[in-house]
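User: Please take a close look at one part of this model and describe how it is placed and what it touches. I would like a connected account, with the cut-offs behind each term.

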Amino acid sequence: MEQFFRDPSIYTLARGPLVWLAFVVFFAGIFYRVYHSIQLAKKEKVIYPYLSFKYTLRSIIHWLIPFGSISMRRHPWFTLLTFVFHICVILTPLFLAGHIELWYDSWKISWWSLPQSLADAMTLLVIFAIILLVIRRIIQPDVRFLTGREIIWQLLL
């Protein structure tokens with residue numbers, strides 16, 4: 001933080017206060033969602049009594065494997081689109097050369113980076129996937145039913 005006061009540039013702002021703000025918001029959001037989900041599950045009287053760690057873990061593993069669930073096999077294009085989206089949206093920032101340089105400058109941690117052209121292509125895939133997912137959410141009635149105002153704001157973020 002003190003470095004930002006000595007050199008008030010956007011670079012030092014991003015390396016200092018903004019990165020810590022991002023970490024706090026990220027972990028606070030995760031904690032809130034987990035806590036909120038647990039509280040909702042406790043109020044639910046039909047499924048909650050039958051929840052078990054073994055079957056919960058099995059379900060999570062099925063959802064992490066492409067085409068691991070029946071629903072994914074029924075909608076192969078949607079499955080492919082969502083996996084491409086999530087892989088690109090997670091890997092692109094982690095392996096972007098500029099982000100790795102920021103990590104190295106701050107904490108002396110470094111790893112290999114993606115070629116810039118591949119990172120650009122992955123970014124375009126994310127944008128394309130977002131557009132298709134939003135169109136699907138607007139057009140398909142059973143998916144539109146799930147959409148509330150808070151989800152629209154999350155999509156816009």
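Analyst: What follows centres on helix α7 and its packing partner, and then turns to the loops and to a second helix pair.

This is a predicted model, in which local features need pLDDT of at least 70 and side-chain atom pairs count only at pLDDT 80 or more, whereas totals for chains, interfaces and linings use all residues. Residues are numbered from 1 along each chain as its sequence is written, and side-chain values use heavy atoms, with hydrogens and water left out.

The protein chain holds nine helices and zero strands, where helices (H or I, at least four residues) and strands (E, at least two) are DSSP runs numbered from the N terminus. Of its 157 residues, 15% count as buried; here buried means under 20% relative accessible area, exposed over 50%, and partly exposed in between, with a 1.4 Å probe and protein chains only. Among contacts in the chain with a separation of 6 or more, 35% come from residues 24 or more positions apart, contact meaning heavy atoms within 4.5 Å.

Helix α7 spans residues 116–139. Its 24 residues reach 35 Å from first C-alpha to last, close to the 34 Å expected at 1.5 Å a residue, the expected span being 1.5 Å times one less than the number of residues.

Two packed helices are described by the angle between their axes and the distance between the axes. For α7 and helix α5 (residues 76–94), the angle is about 135° and the axes lie 9 Å apart; axes are lines fitted to C-alpha atoms, for helices over the stretch in contact, and angles run from 0 to 180 degrees between N-to-C directions. The two helices are therefore oblique to each other, since angles under 35 degrees count as roughly parallel, over 145 as roughly antiparallel, 65 to 115 as roughly perpendicular and the rest as oblique. The crossing of α5 and α7 is left-handed, a term used if the near helix is turned anticlockwise from the far one by less than a right angle, with right-handed used if clockwise. On the α5 side, the contact is made by F78, L81, T82, V84, F85, I87, C88, V89, L91 and T92, and these meet A119, M122, T123, L125, V126, A129, I130, L132, L133 and R136 of α7. By class, this contact of α5 with α7 has 16 nonpolar, three polar and one charged residues, where Ala, Val, Leu, Ile, Met, Phe, Trp, Tyr, Cys and Pro count as nonpolar, Asp, Glu, Lys and Arg as charged, and the others, Gly among them, as polar.

The buried residues of α7 are A119, M122, V126, A129 and L133, and what covers them includes α5. A121, also in α7, is partly exposed at a relative accessible area of 36%. In sequence A121 is 29 residues apart from T92, and C-alpha to C-alpha the two are 9.7 Å apart in space.

Ahead of α7, K108 sits in the loop between α6 (97–107) and α7. Most residues other than glycine have a negative phi, yet phi of K108 is near 60°, a positive value. With a relative accessible area of 58%, K108 is exposed.

The α5 partner can be followed towards the loop between α3 and α4. L80 of α5 is partly exposed at 42%, and its C-alpha is 7.8 Å from that of P66, 14 residues apart in sequence. I65, in the loop between α3 and α4, is likewise partly exposed, at 42%, and contacts M72 and F83 once neighbours within four places in sequence are left aside; the C-alpha atoms of I65 and F83, 18 residues apart along the chain, are separated by 9.4 Å. F67 lies in that loop with a positive phi of about 60° although it is not a glycine, and counts as partly exposed at 34% relative accessibility. S69, also in the loop between α3 (53–64) and α4 (70–74), counts as buried at 11% and touches H62 and W63, not counting residues up to four places away.

As a second helix pair, α2 (residues 10–43) and α6 pack at an angle of about 90° with their axes 11 Å apart, and are therefore roughly perpendicular to each other. Their contact is made by Y11, R15, V19, W20 and F23 of α2 and L102, W103, D105, S106 and W107 of α6; by class it has seven nonpolar, one polar and two charged residues.
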